[in-house]
Amino acid sequence: MKKILMGLLALTVSAIALADSATSASENKFGIGAGIGVSDSIYKGADDKAYPMPLLDINYYDLYVKGITVGYQFYKDDAFAASLFIDPLAGFAVDGADLAKGYDNIDDRKFQAMFGIRLDADTGFYGVRTGLLAQVGEHGGEGKISAFKAYKVDDKLTIVPSIHVKGYSGDYTDYYFGVTSDEARRNSKIDRAYKADAAYSIGLNLAADYRLTDNVALMAFLGVEKFSSEISDSPIVEDGVLYLVGVGAKYYF
């Protein structure tokens, strides 16, 4: 899904671990680039898709841009940082027409802008860092706790494995994965309305950053996300697992 791919660029980069660690950097930094990400879909019959992705990596004093997430760091010391941010493309958007026949007359689900707070901390345990965020938008809210560690293989290559748990409010899951009685009547393969309750997901990511030169960096990531039954049991959901992969390049001024 485009939301999760973007999340891996901000974080999730709202969510890759490389971007998570970069938000704590104190020096000014200006990086721009582009990449491509490929993901399967959680929705019934929707095709796998490739998405172009902006790779912005900017720190300017207390302001930052990671992927498409814009934030303001209002507190920082050697072990802890806190920031406010805006994620303009949150959620699991899909056009009903992209679903398989018999499901394709559902209402479209739209992206939503979400506003949130993010806390990052150094655990002091073998270089492991943690992140905690909460964000809310028009269609509900979500929270995330993550842990990651950067392994500097050499002067050029850094590898960052990470794990996270996300929670979604009932309003959020019902908007993206619930089915109204009217939608059930309009679609021959949907036999019931479905109200999605609060849910969670667990994700594993592996990101790599390779400094080709002082100014040029290559990056890649792999990720998998497993959703709880409140989402996977929806009549419009294929299964509860998503896989994604992406590559890109950035130039630093």
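Of the 253 residues in the protein, 48% are buried. The model is a predicted one, and its fold is built from five helices and 14 strands. As for the outside, the accessible surface adds up to about 11,600 Å², and carbon and sulfur atoms account for 60% of that.

On the inside, the largest nonpolar core takes in 25 residues. Ile42, Tyr43, Phe92, Phe177, Ile231 and Ile236 are the ones with the most contacts within this core. Helix H3, spanning residues 170-177, is its top contributor, with three residues. Isoleucine 231 gives a feel for how things are put together here: leaving aside residues up to four places away in sequence, Ile231 touches Ile42, Tyr168, Thr173, Phe177, Ala199 and Val237. Two of these partners, Ile42 and Phe177, also feature in the list of residues with the most contacts inside the core. Apart from this core there is another one, made of six residues, including Met53, Met219, Phe221 and Leu244. In soluble globular proteins, nonpolar side chains do tend to be buried together.

Not every nonpolar side chain is tucked away, though, as a patch on the surface shows. Phe30, Ile32, Tyr60, Tyr61, Leu63, Tyr72, Phe74, Tyr75, Leu84, Ile117, Tyr251 and Phe253 make up this nonpolar patch, and together they offer about 1,200 Å² of accessible area. Strand S1 (29-39) and strand S5 (69-76) each put in at least two residues, with S5 giving the largest share, three residues. Another member of the patch, Ile117, sits in strand S7. Isoleucine 117 has a relative accessible area of 35%, so it counts as partly exposed rather than buried.

Strand S7 leads on to a run of antiparallel pairings. S7 (residues 112-122) pairs with strand S8 (residues 129-137) in the antiparallel sense, through nine bridges. In this pairing, alanine 121 stands across from threonine 130 in S8. The hairpin made by S7 and S8 has six residues between the strands, and glycine 124 adopts a positive phi there, near 75°. S8 in turn runs antiparallel to strand S9 (residues 140-148), again with nine bridges joining them. Here alanine 134 is placed opposite glycine 143 in S9. S8 and S9 also form a hairpin, this one with two residues between the strands. Strand S8 thus has a partner in S7 and another in S9.

How values were computed:
Residues numbered from 1 in each chain as written. Predicted model: local features only at pLDDT ≥ 70, side-chain atom pairs only at ≥ 80, totals over all residues. Heavy atoms only, no water. Pairing = 2+ DSSP bridges. Helix = DSSP H or I, 4+ residues; strand = E, 2+ residues; numbered from the N terminus. Core = buried A, V, L, I, M, F, W, Y, C linked by side-chain atoms within 4.5 Å. Buried < 20%, exposed > 50% of the residue type's maximum accessible area, 1.4 Å probe, protein only. Contact = heavy atoms within 4.5 Å. Areas by Shrake-Rupley, 256 points an atom, 1.4 Å probe, with all protein chains shown as cover. Patch = residues over 30% accessible without salt bridge, like charges linked within 9 Å, V, L, I, M, F, W, Y side chains within 5 Å. Salt bridge = Lys/Arg side-chain N within 4 Å of Asp/Glu carboxyl O.
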